[in-house]
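Student: Could you walk me through this model, one question at a time? I would like to see the reasoning behind each answer.

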Amino acid sequence: MRRAAVALIACLCLCWPTPASASASERDPVGWAATGPGTTGGAGGTTWTVRTRAELQEALANHGDPTAPKVIRVVGDINGHEAADGSLLGEQDYAPGYDLARYMSCFGEDGAEWSDTRHDYCKQQRQLRQTGSVREKAQIQLTVPSNTTLVGAGDGARLLGVFLTVNTGTNIVVRNLHLEAPVDHFTTWSPGDGTRGSWNARFDAMTVITGKHIWIDHCTFTDGRFPDREAPLGFHGEHVQRHDGLLDIEDGSDFITVSDSRFEDHDKAILIGSGDGRGDRDRGHLKVTFLRNLFTDITQRAPRVRFGQVHVLNNVYRGRTADTLYALGVGVESAIFSERNVFRYRQGAPALAVADYGGDRFHDTGSWFNGGPARLNAVATGLGLTTDVGWDPADVYDYRSLPSESAVERYVVHHAGAGRAYERP
């Protein structure tokens with residue numbers, strides 16, 4: 001009896017991280033962000049505590065020395081539309097007189113072609129949309145410089161409608177924050193995009209451009225209060241799309257880990273790579289690890305990858321089948337190494353997990369789909385992909401994989417997201 005008990009305890013220790021091991025793993029990143037010099041953010045630097053957009057902007061500037069080490073603690077809600085006097089700016093503040101219905105009417109009923117002369121207000125609406133977009137971007141965009149830790153203090157820190165960007169920054173940590181994606185008040189209708197045209201919003205919750213050594217940990221990304229399903233109706237009886245991505249990584253960014261985070265209720269969640277024709281910027285870069293993240297009701301791009309060497313480990317995907325196009329998008333020259341991920345959809349087949357977007361390499365080890373083996377290598381082969389991706393994460397960095405479907409689900413559901421099982425700063 002005692003031997004059985006000891007054996008059971010040993011099994012539990014192997015299959016389920018103890019609180020001590022979980023806490024230790026939170027102090028440093030695992031994956032690509034841990035390679036080379038690692039990613040420490042602003043550790044040891046000046047500490048700021050911010051409660052408003054103006055205070056956050058001041059802290060990022062850091063007394064005129066933005067790249068010096070600093071830790072910025074966010075308390076409560078910070079709204080990207082907050083003006084200097086504390087009021088919240090809206091569409092009419094950025095472009096007085098702009099009207100979405102009038103803008104759409106200038107394309108005709110089917111949205112096929114814009115004309116400045118279709119109505120007497122069309123030229124004005126075009127100019128207002130452009131002006132409003134520029135002003136909104138200038139208001140809501142906040143750029144995180146090198147050697148910064150941006151961390152939520154406590155369980156309720158939120159960036160609402162902030163377009164958080166990294167632009168050539170390195171050694172950056174973003175932790176324990178709820179990021180509500182900005183609403184693009186001046187989203188653009190593109191008649192030639194796709195078979196019937198599409199909306200193209202401008203702002204992500206977070207964009208990384210030419211950033212290196214970045215750790216995004218215990219964050220929650222969502223459309224929050226403004227889901228696109230509640231947006232006004234546009235062309236062809238479909239809702240206007242007012243959000244772009246939740247997290248985009250592009251232009252030669254490298255050595256990034258996204259861990260223990262939540263991505264919720266969004267269409268195009270994560271795009272890695274600048275474009276099919278941007279190999280001059282992205283080839284040899286875009287090394288990203290996704291570890292123990294929870295994707296809930298994400299339609300597509302979780303992530304979609306071009307060029308990068310991307311490790312997708314112990315993540316959980318769940319949602320309504322009718323709203324899901326795919327989870328992992330295999331784009332041009334990408335090399336995705338998928339490992340022990342859990343896919344749970346109310347119906348459907350493992351083909352929902354992988355889609356081919358011009359790529360040719362994908363490998364999976366041990367993932368599960370609705371309680372059984374996902375057999376994603378067979379799915380990939382059926383798409384014409386090779387399962388030899390040319391690299392193995394175990395040859396690059398040390399990591400531990402949760403070994404069972406139940407262990408992955410229990411850990412991720414309990415720990416992923418802002419304010420969950422997080423070691424306070």
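What follows is a set of questions and answers on this predicted model.

Student: Happy to start with the sheet. In what order do the strands of the 10-stranded open sheet follow one another?

Tutor: The sheet is open and its pairing is parallel. Neighbouring strands in it are turned by 10 degrees against each other on average, direction ignored. The order is β1-β2-β5-β8-β13-β16-β19-β22-β25-β28.

Student: Which strands stand at the edges of that sheet?

Tutor: Look for strands with a single partner strand, because one side of each is then left without a neighbour in the sheet. At one place we can follow the pairing in detail: 4 bridges join β25 (residues 335-339) to β28, and the two run parallel. There, I336 stands opposite F362. The edge strands are β1 (46-50) and β28 (362-365).

Student: Which residue of β8 stands opposite T148?

Tutor: Let's approach it through β5, the strand of T148. β5 is joined to β2 by 5 parallel bridges, and in that pairing K70 has T148 as its bridge partner. Towards β8 (residues 170-175), β5 has 4 bridges, again parallel. The residue opposite T148 in β8 is I172.

Student: How many of the 5 residues of β5 are buried?

Tutor: In a regular strand the side chains alternate between the two faces of the sheet. Here T148, L150 and G152 point one way from β5, while T149 and V151 point the other way, and all are buried. β5 is therefore largely enclosed by the rest of the structure, and the number of buried residues is 5 of the 5.

Student: Which helix lies across β1, β2 and β5?

Tutor: The helix we want covers residues 53-61. Its direction is at about 165 degrees to β1. That is helix α3.

Student: Let's leave that sheet for a moment. Which strand is joined to β12 by 4 bridges and holds D248?

Tutor: Begin on the other flank: 4 bridges join β7 (residues 163-167) to β12 (residues 206-209), running parallel, and L164 has M206 as its bridge partner there. β12 also makes 4 parallel bridges to a strand of residues 247-250. T207 stands opposite D248 in that strand, which is β15.

Student: Now the interior. Which residues touch the most other members of the largest nonpolar core?

Tutor: In soluble globular proteins, nonpolar side chains tend to be buried together. L159 gives a good view of one such region, touching L56, V74, I78, L150, L164, L177, H178, L179 and E180 once residues up to four places away in sequence are set aside. A second, separate core has 16 residues, including Y98, M104, F186 and W189. In the largest core, of 65 residues, those touching the most other members are L150, L159, F221 and L247.

Student: Is the disulfide left-handed or right-handed?

Tutor: A search of the whole structure finds 1 disulfide, joining C106 to C122 at an S to S distance of 2.0 Å. The pair links distant parts of the chain, with C106 in the loop between α5 (100-105) and α6 (122-140) and C122 in helix α6, 16 residues apart. The torsion about the S-S bond of C106 and C122 is about -100 degrees, so the disulfide is left-handed.

Student: Is C122 buried or exposed?

Tutor: The cut-off for buried is under 20% relative accessible area. C106, its disulfide partner, has 0% and is buried. C122 also has 0%, so C122 is buried.

Student: Which backbone oxygen does the side chain of Q139 reach?

Tutor: Q139 is in helix α6 and is buried, at 13% relative accessible area. Beyond four places in sequence, its contacts are R53, G80, H81, E82, A83, L89 and Y94. The side chain of Q139 comes to 2.9 Å from the backbone oxygen of G80.

Student: One last question: which side chain makes a polar contact with that of E405?

Tutor: E405 is in helix α9 (residues 405-415) and is buried, with a relative accessible area of 13%. Apart from neighbours within four places in sequence, E405 is in contact with V342, R344, W368 and G371. The polar contact, at 3.2 Å, is with the side chain of R344.

Notes. Residues are numbered from 1 along each chain as its sequence is written. This is a predicted model: local features need pLDDT of at least 70, side-chain atom pairs count only at pLDDT 80 or more; totals for chains, interfaces and linings use all residues. Side-chain values use heavy atoms; hydrogens and water are left out. Two strands pair if DSSP finds at least two bridges between them. A nonpolar core is a set of buried Ala, Val, Leu, Ile, Met, Phe, Trp, Tyr and Cys residues joined through side-chain atoms within 4.5 Å. Buried means under 20% relative accessible area, exposed over 50%, partly exposed in between (1.4 Å probe, protein chains only). Contact means heavy atoms within 4.5 Å. A disulfide is a pair of cysteine sulfur atoms within 2.5 Å. Axes are lines fitted to C-alpha atoms, for helices over the stretch in contact, and angles run from 0 to 180 degrees between N-to-C directions. A polar contact is a pair of N or O atoms within 3.5 Å; within protein, one must be able to donate a hydrogen and the other to accept it, and residues adjacent in sequence count only if both atoms are side-chain atoms.
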